[in-house]
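Here are some exercises to work through with the model open beside you. Try each task before you read its solution.

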Amino acid sequence: MSIGSFALKVGDKIEISKLEYPVNKYSSQILDILNDKEYIIGGPIRRSTIIHIRPNTIIEVSYYKEKIGKFIFKALVRDIWEKGIYKLRIERLNDIIKIQERNFFRLPISIKVQKKYEVKNEGEDKAIEEICRTGDISGGGLRLFSNFKHKKNDQLSLTLFIEDMEFNMQGEVVRVFESRSDDYKYEIGVKFKDIDSIQRDTIVKFIFEQQRELRKKGLI
């Protein structure tokens with residue numbers, strides 16, 4: 001694949017995040033391209049509030065190219081302009097990497113998940129909590145059994161219990177259908193949101209360890 005096919009262009013939407021935990025991702029955009037490593041990008045803003053980033057901060061930049069995939073690289077913040085249009089000059093520090101498709105292999109497995117969903121009830125926010133089980137899981141999302149009838153685009157707070165670890169993350173409902181399970185009424189497809197690379201790598205590692213065991217037993 002030539003770099004031209006996935007190279008950034010002026011106007012491309014990107015996501016940036018600082019290399020810290022927990023990871024917060026912010027939407028941004030390519031405003032100008034100075035050379036093959038330096039870009040001017042829009043400064044991150046959330047709910048009309050500027051997210052301040054100091055010079056010399058290392059950030060992670062990710063973006064998606066239709067029909068090609070998702071790409072990622074690290075960059076150093078060189079300059080910041082907060083007057084007028086909030087923007088940053090960044091320098092790419094490493095090669096642009098395509099996120100491996102293996103992150104999206106789906107493992108059929110039942111895992112305990114605590115799900116929380118915020119709803120409006122008589123003008124007040126109310127949290128509906130439910131203990132669910134997965135139907136399958138990948139590095140990009142999961143299929144979840146639930147007795148609550150969600151709608152597409154519902155925003156969820158999830159806690160996954162994998163072996164002796166807990167993963168707290170956000171998810172978005174991408175599809176809903178009735179379940180044939182005796183214990184749950186619905187199955188919902190959920191994609192992970194704002195998942196950091198450490199959490200995703202740990203989940204993918206768990207998936208492949210389970211896959212290897214199933215192969216040894218001749219079950220897949």
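**Exercise 1. In which strand is the place of Ile30? Then work out its surroundings.**

Step 1. Ile30 sits in strand S2, which covers residues 25–33. Strands here are DSSP runs of E with at least two residues, helices are runs of H or I with at least four residues, and both are numbered from the N terminus. Before going on, note that this is a predicted model, in which local features need pLDDT of at least 70 and side-chain atom pairs count only at pLDDT 80 or more, while totals for chains, interfaces and linings use all residues. Residues are numbered from 1 along each chain as its sequence is written, and side-chain values use heavy atoms, with hydrogens and water left out.

Step 2. Classify its exposure. Ile30 counts as buried because its relative accessibility is 2%; buried means under 20% relative accessible area, exposed means over 50%, and partly exposed lies in between (1.4 Å probe, protein chains only).

Step 3. List the neighbours. Apart from residues within four places in sequence, Ile30 is in contact with Leu8, Lys9, Val10, Gly11, Asp12, Ile14, Tyr39, Ile40 and Ile41. Contact means heavy atoms within 4.5 Å.

Step 4. Look further along the chain. Lys87 is 57 residues from Ile30 in sequence, yet their C-alpha atoms are 9.7 Å apart.

**Exercise 2. Ile58 and Ile85: where does each lie, and is each buried, partly exposed or exposed?**

Step 1. Ile58 belongs to strand S6, residues 58–65. With 37% relative accessibility, Ile58 counts as partly exposed.

Step 2. Ile85 lies in the loop between strand S7 (69–81) and strand S8 (87–92). Its relative accessibility is 60%, so Ile85 counts as exposed.

Step 3. Add the spatial picture. Ile58 joins Leu19 and Leu93 in a nonpolar surface patch of about 250 Å². Patch members have over 30% relative accessible area and no salt bridge; nonpolar side chains (Val, Leu, Ile, Met, Phe, Trp, Tyr) are joined within 5 Å, and like charges within 9 Å. For Ile85, the C-alpha atom is 7.7 Å from that of Gly42, a residue 43 positions away along the chain.

**Exercise 3. Which residues do shared salt bridges join into one network with Arg106?**

Step 1. Start at Arg106. This residue forms a salt bridge with Asp136, and the closest N and O atoms are 3.0 Å apart. A salt bridge is a side-chain nitrogen of Lys or Arg within 4 Å of a carboxyl oxygen of Asp or Glu.

Step 2. Place this pair. Arg106 is in the loop between strand S9 (97–98) and strand S10 (107–108), and Asp136 is in strand S12 (residues 124–137), so the bridge ties together parts 30 residues apart in sequence. Arg106 is partly exposed at 35% relative accessibility, whereas Asp136 is buried at 10%.

Step 3. Follow Asp136 onward. Arg143 also forms a salt bridge with Asp136, with 3.0 Å between the closest N and O atoms. Arg143 is partly exposed, its relative accessible area being 23%.

Step 4. Move on to Glu187. Glu187 pairs with Arg143 in a salt bridge whose closest N and O atoms are 2.7 Å apart. Since Glu187 is in strand S16 (residues 186–193) and Arg143 in strand S13 (residues 141–146), this pair ties together parts 44 residues apart in sequence. Glu187 is buried, with a relative accessible area of 11%.

Step 5. Put the pieces together. Through shared partners, Arg106, Asp136, Arg143 and Glu187 form one network. The structure holds 10 salt bridges.

**Exercise 4. Where are Asn56 and Asn153, and what is the phi of each?**

Step 1. Recall the background. Most residues other than glycine have a negative phi.

Step 2. Take Asn56. Its phi is positive, near 75°, and Asn56 lies in the loop between strand S5 (49–50) and S6. At 56% relative accessibility, Asn56 counts as exposed.

Step 3. Take Asn153. Here phi is also positive, about 80°, and Asn153 lies in the loop between S13 and strand S14 (155–162). Asn153 counts as partly exposed at 46% relative accessibility.

**Exercise 5. How many helices and strands are in the protein chain, and what percentage of its residues count as buried?**

Step 1. The protein chain has two helices and 16 strands.

Step 2. Of its 220 residues, 42% count as buried.

Note on methods:
Accessible areas come from the Shrake-Rupley method with a 1.4 Å probe; for residues, only the protein chains shown count as cover.
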